[in-house]
Amino acid sequence: MVLQAPPFPTLRDLRQQDLQGRTLQVSVLNNWPFFGVTHDEGGNLVPESGIDVSVVSTLGKIMNFSIQVVTPSDGEWGKKLPNGSWSGIIGMVTRREVNFAINEITSTGVSESL
């Protein structure tokens, strides 16, 4: 088997995805060393430090976007509820309340059904 294209986007590919300075909503939990958050003087939640903070910051510089972090009201990662919906940061993504979630997220058998 020979790959016809690189398995991951190249830096050039990413730069062509100019998001024109948009602010993206990102669902996170305070989970250092992956994504640490704090509050600014106005009480807004802001990224502080962590591995995933560095990833998002780098992508934002390359792809021209910034982020606004939010946390789920239930404080959960996300689990499938009896009615078929999802809680937590995963639920925020499935309900389209945020653009994406990042924070040491792993795929499980149940979450692969999304």
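Two residues are said to be in contact when heavy atoms of theirs lie within 4.5 Å of one another. That idea is used throughout this report, which describes a predicted model.

**Overall layout**

The secondary structure of the protein amounts to three helices and five strands, and read from the N terminus these elements follow the order α-β-β-β-α-β-α-β. Of the 114 residues in the protein, 29% are buried. The surface that the protein exposes comes to about 7,800 Å², and carbon and sulfur atoms supply 53% of that area. Among the contacts with a separation of 6 or more, 55% are made by residues 24 or more positions apart.

**The sheet**

Strands of a sheet pair through backbone hydrogen bonds, and the pairing can be parallel or antiparallel. In this model three strands form an open sheet in the order β4-β1-β5, with parallel pairing. The edges are taken by β4 (65–70) and β5 (100–101), each of which pairs on one side only. Strand β1, made of residues 22–27, is joined to β5 in the parallel sense over two bridges, while the parallel pairing of β1 with β4 runs over six bridges. Two facing pairs help to locate these strands in the structure: threonine 23 stands opposite serine 66 in β4, and serine 27 stands opposite alanine 101 in β5.

Serine 27, which lies in strand β1, deserves a closer look. Is serine 27 buried or exposed? Its relative accessibility is 0%, and because a residue counts as buried when the value is under 20%, serine 27 is classed as buried. Once its neighbours within four places in sequence are set aside, serine 27 is in contact with Val70, Pro72, Ile89, Met92, Val98, Phe100, Ala101 and Ile102.

**Helix α2 and what it packs against**

Helix α2 (residues 51–63) lies across β4 and β5, and it runs at about 145 degrees to β4. The helix has 13 residues and reaches 18 Å from its first C-alpha to its last, which is close to the 18 Å expected at 1.5 Å a residue.

An α-helix has 3.6 residues a turn, so residues three or four places apart point the same way. With that in mind, the reader can look for the buried residues of α2, which are Asp52, Val53, Val56, Gly60, Ile62 and Met63. Which elements do the buried residues of α2 pack against? They pack against α1 (11–15), β2, β3 (45–49), β4 and β5.

**Two nonpolar cores**

The largest nonpolar core has 14 residues, and those touching the most other members are Val28, Phe35, Val37, Met63, Phe65, Val69 and Ile102. Two or more residues of this core come from each of β1, α2 and β4, and α2 gives the most, with four residues. Phenylalanine 65, when residues up to four places away in sequence are not counted, touches Leu19, Arg22, Leu24, Val56, Leu59 and Gly60. Apart from this core lies another, of five residues, among them Leu29, Trp86, Ile89 and Ala101.

**Backbone details**

Some backbone features can also be found in the model. A cis peptide bond, with omega of about 20 degrees, joins tryptophan 32 and proline 33, and proline 33 sits in the loop between β1 and β2 (36–39).

The table gathers residues with a positive phi.

| Residue | Phi | Place |
|---|---|---|
| Asparagine 64 | about 60 degrees | just after α2 |
| Arginine 96 | near 60 degrees | loop between α3 (88–94) and β5 |
| Asparagine 103 | near 160 degrees | segment after β5 |

Arginine 96 has a relative accessibility of 76% and therefore counts as exposed. Asparagine 103, in contrast, has a relative accessibility of 1%, so asparagine 103 counts as buried.

Conventions. Residues numbered from 1 in each chain as written. Predicted model: local features only at pLDDT ≥ 70, side-chain atom pairs only at ≥ 80, totals over all residues. Heavy atoms only, no water. Pairing = 2+ DSSP bridges. Axes fitted to C-alpha atoms, helices over the stretch in contact; angles between N-to-C directions. Buried < 20%, exposed > 50% of the residue type's maximum accessible area, 1.4 Å probe, protein only. Areas by Shrake-Rupley, 256 points an atom, 1.4 Å probe, with all protein chains shown as cover. Core = buried A, V, L, I, M, F, W, Y, C linked by side-chain atoms within 4.5 Å. Expected span 1.5 Å × (residues − 1).
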